[in-house]
Amino acid sequence: MSRFPLASMGVGCSHKAYIQDKKLGSDMSKTTGLMALDQGTTSSRAIVFDHKAEKIALHQKEFPQHFPKQGWVEHDPDDIWTTTLETARDAFQEAQAKGCEVAAIGITNQRETTIIWDRKTGQPIYNAIVWQDRRTADICRAMKADGVEKTLHERTGLLLDPYFSMTKIGWILDHVEGARARAEKGDLAFGTVDSFLLWKLTGGKKHKTDVTNAARTGLMSLETLEWDEELLRLFKIPRALLPQIMDCADDFGETDPSLFGRALPIAALAGDQQAASIGQCCFTPGMIKSTYGTGCFVLMNTGDNPKWSQNRLLTTVAYRMQGQVAYALEGSIFIAGAAVQWLRDGLGIIKSAAQTQALAANLADNQGVYMVPAFTGLGAPHWDPDARGGIFGITRDTGPQHLARAALESVCYQTHDLLAAMEADGLSPKSIRVDGGMVANDWVMQFLSDILGIEVERPVVSETTALGAAYLAGLHMGVYESPADIARNWARDARFSPKMPAQTRKASVAGWDDAVARVKTI
Ligand SMILES: Nc1ncnc2c1ncn2[C@@H]1O[C@H](COP(=O)(O)OP(=O)(O)O)[C@@H](O)[C@H]1O
Ligand SMILES: O=P(O)(O)OC[C@H](O)CO
């Protein structure tokens, strides 16, 4: 806990926060809150936390996904903005009604998703191209053949895959009439979702991003943590499009007073997976978290030097705060909870995601049925954008319960592939901290521990992404003094230990490997 608790501030409130509250003219007897805006792939969430990580208010809104062509995924930027603003206003008002004064905002977001807008009107010139979108697969293939991947990997830690922003930016500039010329003149702005929301929240005054989001564009050097001129040239991205790169906990400006009735400081920006890592308090090298939302993302803190994977994992920035940078090794899986959503919305064989737990538990084993949910290609460690999903081992007996179990199992096997790649890189975690919507499913957590052969730890707060953004904002505002101060808040809800016999694990993984080999194209 902080030496300067903000809740029920009186004697002992932090200096900065005290000044902040004076500026806001707020009642010092009120609890002070930190509002996280968590803009995810399928929904926008706003959560107000107090300094002890207690949830004061939570509001969430889903928004439509657009699939204009096979392999394309888009969002309407207006949906991103309106759902963010509506949930933020609802959470802000609920917190206020409960006697909690919001002191600052932290933004966290689906990463890589690319938006370009007109600096004068604020109007996007095209829909947001979502991280899952595969439309630039051919461009990536051609650039790979030209040897660009080596330079990209050396400078950014990323690979030439349609996942990242740089080829999405190029696609918009080349397909929207006049866009390239306008970008070169400085009339357009590019942003990942954090930058776009910051622009909207500040009434068009701030065009900034943070190191974790910039690290996913394929345009930022991991060494200088600035835009890389050589990469801008290779991907033909005009410099004038780009935001300023900041720390994750920093001064990002204030909200337009019309939005919340007064100006609120925006004190943090971070990509959602890095924010989850902060929410899980993975502050020391070797600590690892895995988030199970739409996709699954495993991040291991590797300390103040980038660690280069020999096994197709990404090197990325974990955070930069208080001037200190930490790097991470990341494994990115494109489909996790989305496979469960497909059972519900695509096949209609379940009514709710939670139903999968009982269906899976009713079977003694998977009876040879495997699902490889490569709906938008395969991410780490395969990086095969053309792979498509498959279900194998179906017989006349196969029913909804087998499909449900296969979908849940696939998430655990994919995590296994990532940890195997980490192990091959010489990094073997003894336990893993998990979070995200899927971790409510105890069956998945036990199977995950069984297949990984290590302990799986679930924290009390499973919305660690939002919590991480709140922590970062709190750090900037002086609510917390240091990462160590934040780490005291982490509390375990449950621990799952491996129970599966080694032979069974080996046979199960072998069945999965066989299924993956059948969908791969490279
Ligand atoms: N009990 C459950 N069992 C399995 N999957 C679940 C369960 N509850 C939620 N999910 C899945 O988790 C995902 C939602 O998690 P969330 O962290 O909110 O995702 P995101 O931030 O990517 O939008 C959905 O894809 C949903 O299918
Ligand atoms: O929206 P999520 O939680 O699935 O996260 C998306 C990732 O940031 C994509 O890299």
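How far apart do the C-alpha centres of domain 1 and domain 2 lie? In this predicted model, local features need a pLDDT of at least 70 and side-chain atom pairs count only at pLDDT 80 or more, while totals for chains, interfaces and linings use all residues. Residues are numbered from 1 along each chain as its sequence is written, and chains are lettered from A and ligands numbered from 1 in the order in which they are written.

The protein chain splits into domain 1 (31-271) and domain 2 (273-521), with bounds that come from an automatic or database domain assignment. Their C-alpha centres turn out to be 23 Å apart. Across the boundary, 42 residues of domain 1 are in contact with 39 residues of domain 2; contact here means that the C-beta atoms, placed from the backbone, lie within 7 Å. On the domain 1 side, β5 gives the most, with six residues. (Strands are DSSP runs of E with at least two residues, helices are runs of H or I with at least four, and both are numbered from the N terminus.) That side of domain 1 has 23 nonpolar, eleven polar and eight charged residues. In this sorting, Ala, Val, Leu, Ile, Met, Phe, Trp, Tyr, Cys and Pro count as nonpolar, Asp, Glu, Lys and Arg as charged, and the others, Gly among them, as polar.

Now for the ligands. Ligand 1 has 19 residues around it, and Gly-40, Gly-293, Thr-294, Gly-337 and Gly-437 come nearest; to be counted, a residue needs its C-beta atom, placed from the backbone, within 6 Å. Both domains give residues to this shell, so ligand 1 lies between them. Helix α12 (337-347) and helix α13 (355-361) each chip in at least two residues, and the largest share, four residues, is from α12. By class, the shell has six nonpolar, 13 polar and no charged residues.

The shell around ligand 2 also draws on both domains, with at least three residues from each. Among its residues are Gly-40, Arg-111, Glu-112, Trp-131, Asp-272 and Thr-294. One residue of this shell is nonpolar, eight are polar and three are charged.

Lastly, a helix pair. The axes of α14 (residues 400-424) and α15 (residues 442-452) come within 9 Å and cross at roughly 35°. These axes are lines fitted to C-alpha atoms over the stretch in contact, with angles running from 0 to 180 degrees between N-to-C directions. Leu-408, Val-411 and Leu-419 are among the α14 residues that meet α15, whose own contributors include Trp-443, Phe-447 and Ile-451. This contact comprises eleven nonpolar residues, two polar and one charged.

Definitions and conventions: Two residues are in contact if their C-beta atoms, placed from the backbone, lie within 7 Å.
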